[in-house]
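Me: Please take one part of this model and look at it closely. I would like to know where it sits, how covered it is and what it touches, and then how the neighbouring pieces of the chains compare with that picture.

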Number of protein chains: 4
Amino acid sequence: MILRLKRGGGPAEIQALRSRIESEGLRVYQSPECLRPILAIVDKVPEALAADLLQSPQIEETTQPKTAWRLVAREFRDSRTQIDLGGVRIGDDTVVVIAGPCSVEGRDLIEETARSVADSGAHILRGGAFKPRTSPYAFQGFGVEGLRQLKDAGEKFGMPVVTEIMDAADVPAFVDHDIDCLQIGARNMQNFRLLKAVAVAGRPVLLKRGLSSTVEEWLYAAEYLAAGGCHDIILCERGIRTFETATRNTLDLTVLPLLAELTHLPVIVDPSHAAGIARLVAPLSRASIAAGAAGVAVEVHPRPHEARSDGPQALLPGELTGVVADARIQAAISGRQLA
Amino acid sequence: MILRLKRGGGPAEIQALRSRIESEGLRVYQSPECLRPILAIVDKVPEALAADLLQSPQIEETTQPKTAWRLVAREFRDSRTQIDLGGVRIGDDTVVVIAGPCSVEGRDLIEETARSVADSGAHILRGGAFKPRTSPYAFQGFGVEGLRQLKDAGEKFGMPVVTEIMDAADVPAFVDHDIDCLQIGARNMQNFRLLKAVAVAGRPVLLKRGLSSTVEEWLYAAEYLAAGGCHDIILCERGIRTFETATRNTLDLTVLPLLAELTHLPVIVDPSHAAGIARLVAPLSRASIAAGAAGVAVEVHPRPHEARSDGPQALLPGELTGVVADARIQAAISGRQLA
Amino acid sequence: MILRLKRGGGPAEIQALRSRIESEGLRVYQSPECLRPILAIVDKVPEALAADLLQSPQIEETTQPKTAWRLVAREFRDSRTQIDLGGVRIGDDTVVVIAGPCSVEGRDLIEETARSVADSGAHILRGGAFKPRTSPYAFQGFGVEGLRQLKDAGEKFGMPVVTEIMDAADVPAFVDHDIDCLQIGARNMQNFRLLKAVAVAGRPVLLKRGLSSTVEEWLYAAEYLAAGGCHDIILCERGIRTFETATRNTLDLTVLPLLAELTHLPVIVDPSHAAGIARLVAPLSRASIAAGAAGVAVEVHPRPHEARSDGPQALLPGELTGVVADARIQAAISGRQLA
Amino acid sequence: MILRLKRGGGPAEIQALRSRIESEGLRVYQSPECLRPILAIVDKVPEALAADLLQSPQIEETTQPKTAWRLVAREFRDSRTQIDLGGVRIGDDTVVVIAGPCSVEGRDLIEETARSVADSGAHILRGGAFKPRTSPYAFQGFGVEGLRQLKDAGEKFGMPVVTEIMDAADVPAFVDHDIDCLQIGARNMQNFRLLKAVAVAGRPVLLKRGLSSTVEEWLYAAEYLAAGGCHDIILCERGIRTFETATRNTLDLTVLPLLAELTHLPVIVDPSHAAGIARLVAPLSRASIAAGAAGVAVEVHPRPHEARSDGPQALLPGELTGVVADARIQAAISGRQLA
């Protein structure tokens, strides 16, 4: 149950209401940003209490969402979530481009790539330090050393960085290296322990959709983050697994207008992993922003054929410049602007 | 094997070459439109003949596509296919909007809808006369009477019409009623008898992708049409079946840039059947054209809640006007124009 | 709505009840075989009529199935459907083995194969005369000549035959050649025109599940046959399309106990098309019968590597003998016997 | 590359060979149980070394599997893996039944359930202490207290226990409570950090297939365990995610004969999670063992409607007895016996 309080109620009144609810053993959360206070009760509300609340002079409106997610539901905020990601604003009226190599492969290479990302006009640098790989014998990333190289490259060219975290135990290392945004990968979308650990890191989180996750499961995963105290969540569609094998995955852009109705969180798209083919990335980036995405995350490499992972889907620096130019146009015609 | 002949060869020379190939029991087709004659041999070419052909002074170049489709392959044409659909040009540099109700439900209603389609600036009228329905007890369409009503409505407002054909035996009725474009529905994409019958109808064909058809199977279905003599084929992506149930189907826009590499045929998108939710149609239409679609086909109804089928996915006339306006903008920024 | 009448009602009383229902514009069907008469109304019953029927002294019980299929619903029969397929009994207490080549490839070969099928103890001969092929250039079957060869081979070795029909226009040829059972292939499961035409052929029908058809859609397809007058319907699970590519399709045996609850029709399994690998056919046949299948349909070829289609999934004659032996054991431990 | 050494080579000779390989920077593993020593090199072998090895007098045979898994490949063992799971033997010639509630819900209830599991003749007790739940607000299990209750119940009735581990940090708690087998759940199949941590726990591991994991990815996940030092791995098919919604998942029994060719590991089946409907569990259990499964894992609850999770798929104790009886029969007719 979501409770919209009347304007003017002070902290003491809100606290009294919360105490009343919690005294019945129910969990209640307060919306972090709203004109009027909004509370969400995440447990089943007994009828007697529901009747009480309906009559409370403090409460203007109660709603009962059909699903069990509450804190990420559209109804829990007055407006859409705006996130400050290391100085880059992500949300309703901006379009962001995140770019970088699949994996951080050395100091020189990440610097070379970061320079081209910055030159292209993209906003945020990405790159994997901890790599989830299907085979135990494949290159698993540089780990903590990769975090350092990525952050240094980002700072050198004035860009915040985002990179994947695979284990709760690594949270301190990510914070120590001042990683601006922690990414939860597709395979870990329902790694609930990791979600709980990352939620308290105090950083924005990029939550990729699982390979075969429904929209409902995805929003529940986001709810794990929100219930753990993380409000700056960016959803990332990256293609789902279907019968089609002509492309690596099937990019599901239908979720963009759908999620705009279901949640206040911004959604970006990763067309590189979806398609698995570099030539498809530019048109799919355009389509993503046209469908309402708050941005795109793409892979770029100065020499894709030398990449230690996912070379075939990496853009060349010049192609990235085209993606940013297209993003600017699509942003403009939808009344937005580049971040 | 695809053979590109040198310029200047006359019909007699081409015929001699074809005879040489056919004398070995191989099937050979000639490209309908090209600067230089192009021939495709669709059977396995014996080594001796292949060696012969490579040395032929008439032949400039031979290519061996990896897949067995030939006539719809990019290599079989010099340029992309341009189709004249009852006066509307579909293909590389135009963007077309096809609109109409799910089913033709009576003379007054189809006229009312046709008027709003014409007013919106859309180009082609659609509407089902023969309806494939999951249940035998559901409304199956008005049949031939529906064809008549649709065509009359199209003529009244100066628009060509497209409608689905479900049985080879109905081809004469479609031709008699001067239906401008015959649609093969998703469930019939691999109804090979129907494909063969429609191929000789002498009309453009709109070939919808099957619910769980791969790109490869789709192009083979188009090849059935082409091998049967139909060159004016429009492919239509309409969503595939996946595990996701939040939307009716999953729209696969990844195929747009992919098909641009694999075939010379134009591809349009039907976001109405993909999403199954009217509110998602406008953003998905924008995304489709941004990804390179030659147009969109959408459902519209003056009073969606009264529709006998698929009401929840039908746009209101005013919403259709917005879709056409968006299509115009997306066409413009990609160097194209409305058809 | 399904109406179970009291015992003892004569034809005149039943006809009066039907007339009463039909006078309101509703379609009503009578169950072909039952201790007490059962009627199914397939249209929405107005409240007034429903109240009337509930009070009718003739009616013992009314039920309202949740789905719109009626004639194939469990409730429409007192017992499960038993089918006489050219002398072979298919249904509740028997297990049948159908075997033969993918396609009929000539008189000698089909006779050689039929001999080994008969020798193995299998009951029914299968073989394709009309072949649905993905590519228009692939071998499309011998057509009517194939029907003749198949029927002759069946007669020579005392087995009824089943083979696929692809077009409504071919029904007379199938009847003329006395084909014992008409098969609707997976690609045509929702070719509704074909279903309607086959329903009136007066022969048992083997209805394969579509590649991506839900159980619901499959039963609706069966309902098309039943509504058209065909009561002898055998469902055939043959694998569905999923993300897994290690096998040709994913065999869905979960449907066997599920369908036993939803319908009175017998269900058999085709493990050859599901797996696409001959070595997997024997264990999957055992599993199918253990899960309750009324039989299996498998492909066999004396020299699989010479087969013109689907050789990799064809059993050798000796392997078929093993499948029949296993079927006998699985039948016995489930209280059934070979047909 | 897999190297089969000649008989009679002593440890020193094997060590010399390993050193030779490792000196080139390659990783090499030795098979734990074989008549003749078998080594697997998991990195790409340089041509010069490959030539050397082919000529080595110690080596009888080299094979180059097509895929990159080595230690779980059929070729890495002389025979199939046999596992001693707390006294219960799992592997080639036995059939095991694992049963218990979805989650451990209290000391009395788990004891009551354990008694009925023991009475039914099943061999191993299961029950969740750490529960991965889609919603953050759903019951998450009793945690460590659940481990204690489960182990106590197992000891009281003489059964080893298996339960899911969700986090690397919990390994010590599982070992301290002497959990006999650690389960990796479907959602964590590609939680590579967890796989690495569990691999060194010194306990057998039950590795569930991911919801949308291919056979290849599943075997790679097993390879993570094997490369980490765990040789006692049991694979568990539990249904995959497809378009079909009539059942919770689609049970993929095709993998049973397929895996028998690809790996030496035993495979069991969990029909409860696959079907999600208790009535389907018994026939699917029979089918699983008929297709070659080394056992089944099923859910049972004395009062399913009171279960805190997954009640609809839980068997009643009496139904479990039937599953064990069927397993005994299916084991017998396939030349095996209950564990």
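Reply: D310(D) lies in the loop between β14 (295-299) and α11 (317-333) of chain D; helices (H or I, at least four residues) and strands (E, at least two) are DSSP runs, numbered from the N terminus. This is a predicted model, in which local features need pLDDT of at least 70, side-chain atom pairs count only at pLDDT 80 or more, and totals for chains, interfaces and linings use all residues. Residues are numbered from 1 along each chain as written, chains are lettered from A and ligands numbered from 1 in the order written, and side-chain values use heavy atoms, without hydrogens or water.

The backbone of D310(D) has a positive phi, near 60°, although this residue is not glycine. Most residues other than glycine have a negative phi. With a relative accessibility of 23%, D310(D) counts as partly exposed, because that class lies between buried (under 20% relative accessible area) and exposed (over 50%), with a 1.4 Å probe and protein chains only.

Chain B has an aspartate at this number too. D310(B) sits in the loop between β14 (295-299) and α11 (317-333) of chain B. Its phi is positive, about 60°, and D310(B) is not a glycine either. Its relative accessible area is 22%, so D310(B) is partly exposed.

Next comes a helix of chain B. Helix α7 of chain B covers residues 215-227 and includes A227(B). The 13 residues of α7(B), at 1.5 Å a residue, should span 18 Å, and the end C-alpha atoms are indeed 18 Å apart; the expected span is 1.5 Å times one less than the number of residues. Eleven of the 13 residues are buried, which leaves α7(B) mostly covered. The buried residues are V215(B), E217(B), W218(B), L219(B), Y220(B), A221(B), A222(B), E223(B), Y224(B), L225(B) and A226(B). They pack against several elements of chain B, namely α6 (192-199), β11 (205-208), β12 (233-237), α8 (255-262) and β13 (267-269).

A227(B), in contrast, is partly exposed, with a relative accessible area of 22%. Leaving aside residues up to four places away in sequence, A227(B) touches Y29(B), L71(B) and, from chain C, Y137(C); contact means heavy atoms within 4.5 Å. A227(B) and S103(B), 124 residues apart in sequence, lie 31 Å apart from C-alpha to C-alpha. The helix is followed by G229(B), whose phi is positive, near 110°.

One neighbour of α7(B) deserves separate mention. Among the contacts of L207(B) are W218(B), A221(B), A222(B) and L225(B), residues that also appear among the buried ones of α7(B). L207(B) further touches I184(B), M189(B), L195(B), I233(B), I234(B), L235(B) and C236(B), again not counting residues up to four places away in sequence. L207(B), with L207(A), L207(C) and L207(D), has the most contacts inside the largest nonpolar core, which has 343 residues. A nonpolar core is a set of buried Ala, Val, Leu, Ile, Met, Phe, Trp, Tyr and Cys residues joined through side-chain atoms within 4.5 Å.

In chain A, helix α6 gives a similar kind of picture. Six of the eight residues of α6(A) are buried, so this helix is largely enclosed by the rest of the structure. F192(A), L194(A), L195(A), A197(A), V198(A) and A199(A) are the buried ones. Their packing partners in chain A are α5 (171-176), β10 (181-184), β11 (205-208) and α7 (215-227).

Helix α8 of chain A (residues 255-262) holds A260(A). A260(A) has a relative accessible area of 31%, so it is partly exposed. Beyond residues up to four places away in sequence, A260(A) touches two arginines, R74(A) and R80(A). A260(A) and G292(A) are 32 residues apart along the chain, and their C-alpha atoms are separated by 8.4 Å.

To return to the starting point, D310(D) is a partly exposed residue in a loop between a strand and a helix of chain D, and its phi is positive.
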